[in-house]
Amino acid sequence: MKKDFAILGIESTCDETSAALLVGGKTLVSNVIYSQIEEHKKYHGVVPELASRAHAAKIASVIEQALNGREIDCVAFARGPGLPGGLMVGRVAAQTLANFKKVPILGMNHLEGHLFACEFENGEVKNPLSFPLVALIVSGGHTELWYVKGYGQYKVLGRTRDDAAGEAFDKVAKLLGLAYPGGPQVSAQALKGRRDAVDFPRPLLPGTWDFSFSGIKTSVSYYLRDHCPVNVPDVCASFEQAVCETLVKKTMQAAQYYKVKHIAVGGGVAANSLLREMMSGEGGKRGLDVRFVPRGMSSDNAAMIALAAYRRLQQAGADALQKKWNININPNLKVKNWGK
Ligand code: KG4
Ligand code: ZN
């Protein structure tokens, strides 16, 4: 690959319309993000039809701003997992642009993007991830634990059986009358509360690496039904403690079982201060290197898609770059399990 190989990333899996230009796998020239939060706020969650319409309305101008007249060598878009309408918008935009510019196109896994977002530091990639590692991808739509041997060499150890951790934050926020997205709101309230005020369950599902967060959310709803008025900060702090303890415990167990020295935590919920503090603390005690996505890159963005594409090209070489423009979306896309 030439030194200044330029990839335009496109992200439209959920409620952020984003395009980014990454040059030489190192320099983030632009990362334009249009967040639809205001459109979804009054519904306390993402409304798929509204999301598709907003993506369709914004994608052209977002790409235009990210490109700003520059040339590109490749277009990479997130082909899943995500909401079908948004994915279609991203796909059509990527295909049209790649065709017009006569450059190849790559279809990427959004969750792989969340992992590689951990490599950014002030808009640059200075310090690539060290392998093997255990990755926790924790967002509004997903909670997954992976063993990662290198780029494309993933073993999904477990995932949530019901709600994602971020979804649980959003639903608890709704129960408490807090605004969407719930994570930052619950977290802010939690700072004023006692973490041991309410003993919400820690669903560890022994013998598996899976997660389950709907039980904690249901416990919160029963607690609110049975206690009136409630101390909102105490409920938030106790809920946050239960979720973070569960995430940290399982991640540490996986790191120990797979004998890795590195942990990477990506996705929207990785912005959570308690999670960062607990994961770093527990990792430190075990001599593990714990790496988080930088806060500004934790929620959905196209820079992470472009970087994941660069890593794929580094690994697969020119084979991955055939001029194949017709790449399907897959709303339920899973990372391919490598080995056993
Ligand atoms: O990765 P992301 O932007 O979108 C998905 O791919 O789902 O993650 C959004 C999720 C939301 O559920 C939001 O409430 C949660 O991340 N989140 C947080 C925090 N900031 C965002 N959850 C807990 N604490 C936070 N500080
Ligand atoms: Zn995401």
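Is Arg159 buried, partly exposed or exposed? Here are some friendly notes on this and other points; please keep in mind that the model is predicted.

1. Arg159. This residue is partly exposed, since its relative accessible area is 26%, which lies between the 20% limit for buried and the 50% limit for exposed. Arg159 belongs to strand S10, which covers residues 153-159. Setting aside neighbours within four places in sequence, Arg159 contacts Thr143, Glu144, Trp209, Asp210, Phe211 and Lys334. If you would like a sense of distance across the model, the C-alpha atoms of Arg159 and Ile63 are 33 Å apart, with their positions 96 residues apart along the chain.

2. Overall build. You will find 10 helices and 12 strands in the protein. The radius of gyration is 20 Å, and a compact globule of 340 residues would be expected near 20 Å, so the value agrees with that rule. Along the principal axes, the C-alpha atoms fill a box of roughly 60 × 45 × 30 Å.

3. Interior and surface. Of the 340 residues, 55% are buried. Among contacts with a separation of 6 or more, 73% join residues 24 or more positions apart. The accessible surface amounts to about 14,600 Å², and carbon and sulfur atoms contribute 51% of this.

4. The zinc site. Which residues hold the zinc ion (ligand 2)? His110 and His114 each coordinate through NE2, and Asp300 through OD, at 2.0 to 2.1 Å. Along the chain these donors follow the spacing H-x3-H-x185-D. His114 sits in helix H4 (residues 110-116), while Asp300 is in the loop between strand S12 (289-292) and helix H10 (303-316); the pair is 186 residues apart and links distant parts of the chain.

5. Geometry and burial at the zinc. The four donor atoms around the zinc ion (ligand 2) make angles of 93 to 141°. A tetrahedral label would need all angles between 85 and 135 degrees, and the site is classed as irregular. For reference, the ideal angle for four tetrahedral donors is 109.5 degrees. His114 is buried because its relative accessible area is 0%. Asp300, at 10%, is buried too.

6. Helix H9. How far apart are the end C-alpha atoms of helix H9? They are 18 Å apart, and the 13 residues of H9 (residues 273-285) should span 18 Å at 1.5 Å a residue, so the two agree. The buried residues of H9 are Leu274, Leu275, Arg276, Met278, Met279 and Gly283. Their packing partners are strand S8 (133-138), helix H8 (232-257), strand S11 (262-266) and S12.

7. Gln241, a view from helix H8. Gln241 lies in H8 and counts as buried, because its relative accessibility is 15%. Beyond residues up to four places away in sequence, Gln241 touches Arg195, Arg202, Leu274 and Met278. Leu274 and Met278 are among the buried residues of H9, so this is a handy place to look at H8 packing against H9. In an α-helix, residues three or four places apart point the same way, because there are 3.6 residues a turn.

8. Ile329. This residue lies in the segment after H10. Its relative accessible area is 17%, so Ile329 is buried. Outside the four nearest places in sequence, Ile329 touches Phe77, Arg79, Pro84, Leu87, Met88 and Arg91. Leu307 is 22 residues away along the chain, and the C-alpha atoms of Ile329 and Leu307 are separated by 19 Å.

How values were computed
Residues are numbered from 1 along each chain as its sequence is written. Chains are lettered from A and ligands numbered from 1 in the order in which they are written. This is a predicted model: local features need pLDDT of at least 70, side-chain atom pairs count only at pLDDT 80 or more; totals for chains, interfaces and linings use all residues. Side-chain values use heavy atoms; hydrogens and water are left out. Donors are N, O and S atoms within 2.8 Å of the metal (3.2 Å for Na, K and Ca); water is not among the atoms, so sites may look incomplete. Four donors count as tetrahedral if all angles lie between 85 and 135 degrees; four count as square planar and six as octahedral if opposite donors are over 155 degrees apart and all others between 65 and 115; anything else is irregular. Helices (H or I, at least four residues) and strands (E, at least two) are DSSP runs, numbered from the N terminus. Buried means under 20% relative accessible area, exposed over 50%, partly exposed in between (1.4 Å probe, protein chains only). The radius of gyration is taken over C-alpha atoms; the globule rule is 2.2 Å times the number of residues to the power 0.38. Contact means heavy atoms within 4.5 Å. Accessible areas come from the Shrake-Rupley method with a 1.4 Å probe; for residues, only the protein chains shown count as cover. The expected span of a helix is 1.5 Å times one less than its number of residues.
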